[in-house]
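Visitor: Please take one part of this model and go through it closely, in connected prose and with the cut-offs stated as you go. I would like to follow how that part relates to its surroundings.

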Amino acid sequence: MSFAQQQALVKEHIESIGQNINRLSSSFYTHLFRINPSLTHIFNGGISMLNRKFNSMLATFKSVHDLHKISAALEGMAKRHIAYHAEVSHFDDFNQALLLALEETYQDKFTPELKLAWQTVFAEVSNIMTEVLRHAPQAEKKKPVTTSHESLLIDDIGGTEVVTRVHQRFYDDLYEDEYIGGFFHHRAKRLLVRGQTEFMVAAFGGENLYTGEPPAFIHMHMFITQEMSDIREIYLRRAILAEGLSDDICQRWLEVDRSFHASLEKKSVDECVMRVWGQAPFTIKKPASYIPPKA
Ligand code: HEM
Ligand code: HEM
């Protein structure tokens, strides 16, 4: 089987995980922490943080169909892993835990062919990442994201319908913003509301119905600045509170949202990575008369 076929097989398998995601994720971390107990210090944020991390990793494996196109985005992601305290030796631990979790969850359905495909895809991604870890200067290490809450955020929010309502409000406002609304012209709002909802529900510890790419890849050609993220957050906060959620839940929601910002924001337009050859970075201009929303 060629690499392209193996990649397609893994992508198809990830898309079929559906309801099995929680079992798979918990089996993965059980094996991981048994193989290397010191990793509990890095992944110590409760179930929803663990599921979110696991989903991000799977979403990455799904996107390797055009490795040369995404390798710059993968390298950026690998650099962020220095701040997450990832070390080269951890990748073997991950590899083992992932295969054991897949075997345990799928048993006979995890055929030798499927196993080989997973091994190949994992090796491909982890080779790129470990190469970066080996050569990158030791960047400042960020404190791992932790949460003191053991309850699932999705339950505390009140379920998927509430998340959908918040996002509907949020995008209604965002589309009208004279500055960052520029990113959304000609994009179907209904689809964005649905995609963002599926993504966040999984990140909040709920079911993973999201079939898209990780945000770092979706936004890799967009010149998104920190100022834009801040403006976006004002609308998001408003929408959460307008749906009657408490300040505490709002804080927890925004914390999860913010954990993705570093993977999208760019300091200069040169950091944009194109999706297809010859494409230009996606940039927008701030109108001279622009008045940002009030926090
Ligand atoms: C092939 C292996 C891996 C892949 C594809 C992967 C992928 C990802 C992705 C896409 C994210 C989301 C945040 C971002 O894009 O910056 C993430 C977060 C993270 N990864 Fe990995 N990762 C891998 C291996 C590892 C290893 C070996 C460690 C070891 C410590 C690790 C630790 C973390 C941590 C702590 C986070 C942050 C969670 C958060 O705060 O949201 N990852 N990973
Ligand atoms: C200022 C910041 C941001 C801007 C300007 C922005 C812009 C966009 C745009 C234009 C799209 C549509 C892409 C397309 O249809 O080709 C998109 C999709 C998406 N964004 Fe963002 N984004 C931002 C921040 C974020 C953050 C922080 C997250 C995660 C927490 C996120 C998650 C997503 C997801 C999951 C999708 C795909 C939805 C789907 O499957 O339809 N975005 N974004």
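Guide: What follows starts between the two domains and then moves outward from there.

This is a predicted model, in which local features need pLDDT of at least 70 and side-chain atom pairs count only at pLDDT 80 or more, while totals for chains, interfaces and linings use all residues. Residues are numbered from 1 along each chain as its sequence is written, and chains are lettered from A and ligands numbered from 1 in the order in which they are written.

The chain is assigned to domain 1 (3-135) and domain 2 (155-271), with bounds that come from an automatic or database domain assignment. The C-alpha centres of domain 1 and domain 2 are 24 Å apart, and where the domains meet, 17 residues of domain 1 are in contact with 15 residues of domain 2, contact being defined by C-beta atoms, placed from the backbone, that lie within 7 Å. On the side of domain 1 that touches domain 2, helix 3 and helix 4 are the elements that give two or more residues, and helix 3 gives the most, with eight. Helices here are DSSP runs (H or I, at least four residues), numbered from the N terminus. That side of domain 1 divides into six nonpolar, eight polar and three charged residues, where Ala, Val, Leu, Ile, Met, Phe, Trp, Tyr, Cys and Pro count as nonpolar, Asp, Glu, Lys and Arg as charged, and the others, Gly among them, as polar.

Ligand 1 belongs to this meeting place, since domain 1 and domain 2 both give residues to its shell and it therefore lies between them. The shell around ligand 1 has 25 residues, of which Ser56, Thr60, Tyr84, Ala86 and His90 are the closest; a residue is near a molecule if its C-beta atom, placed from the backbone, lies within 6 Å of it. Two or more residues of this shell come from each of helix 3 (46-62), helix 4 (67-83), helix 5 (90-106) and helix 6 (112-135), and helix 3, with five residues, again gives the most. The classes represented around ligand 1 are 14 nonpolar, eight polar and three charged residues.

Between helix 4 and helix 5, both of them contributors to that shell, lies a loop that holds histidine 85. Phi of histidine 85 is near 70°, a positive value in a residue other than glycine. Most residues other than glycine have a negative phi. With 16 other C-beta atoms within 10 Å, histidine 85 is partly exposed; a residue is buried if 20 or more other C-beta atoms, placed from the backbone, lie within 10 Å of its own, exposed if 12 or fewer, and partly exposed in between.

Ligand 2 has a shell of 22 residues, and the closest are Gly195, Phe199, Gly212, Met228 and Phe260. Helix 9 (189-203), helix 10 (215-218) and helix 11 (226-242) each supply at least two residues of this shell, with helix 9 giving the most, five in number. By class, the shell around ligand 2 is made of 13 nonpolar, six polar and three charged residues.

Two of those contributors, helix 9 and helix 11, are also partners of helix 8, whose buried residues pack against them and against helix 7 (153-157). The end C-alpha atoms of helix 8 (residues 160-176) are 24 Å apart, which agrees with the 24 Å that its 17 residues should span at 1.5 Å a residue, the expected span being 1.5 Å times one less than the number of residues. Its buried residues are Val163, Val166, His167, Phe170, Tyr171 and Leu174. They cover an arc of only 130° around the axis, which puts them on the same side of helix 8; the arc is that of the directions from the helix axis to the C-beta atoms. Glu161 and Glu176 are exposed on the face of helix 8 turned away from its buried side.

Arginine 169 also lies in helix 8, and with 18 C-beta neighbours inside 10 Å it counts as partly exposed. Leaving aside neighbours within four places in sequence, arginine 169 is in contact with Ala239, Ala242 and Glu243. Serine 259, by contrast, is 90 residues from arginine 169 along the chain, and their C-alpha atoms are separated by 22 Å.

How values were computed:
Contact = placed C-beta atoms within 7 Å.
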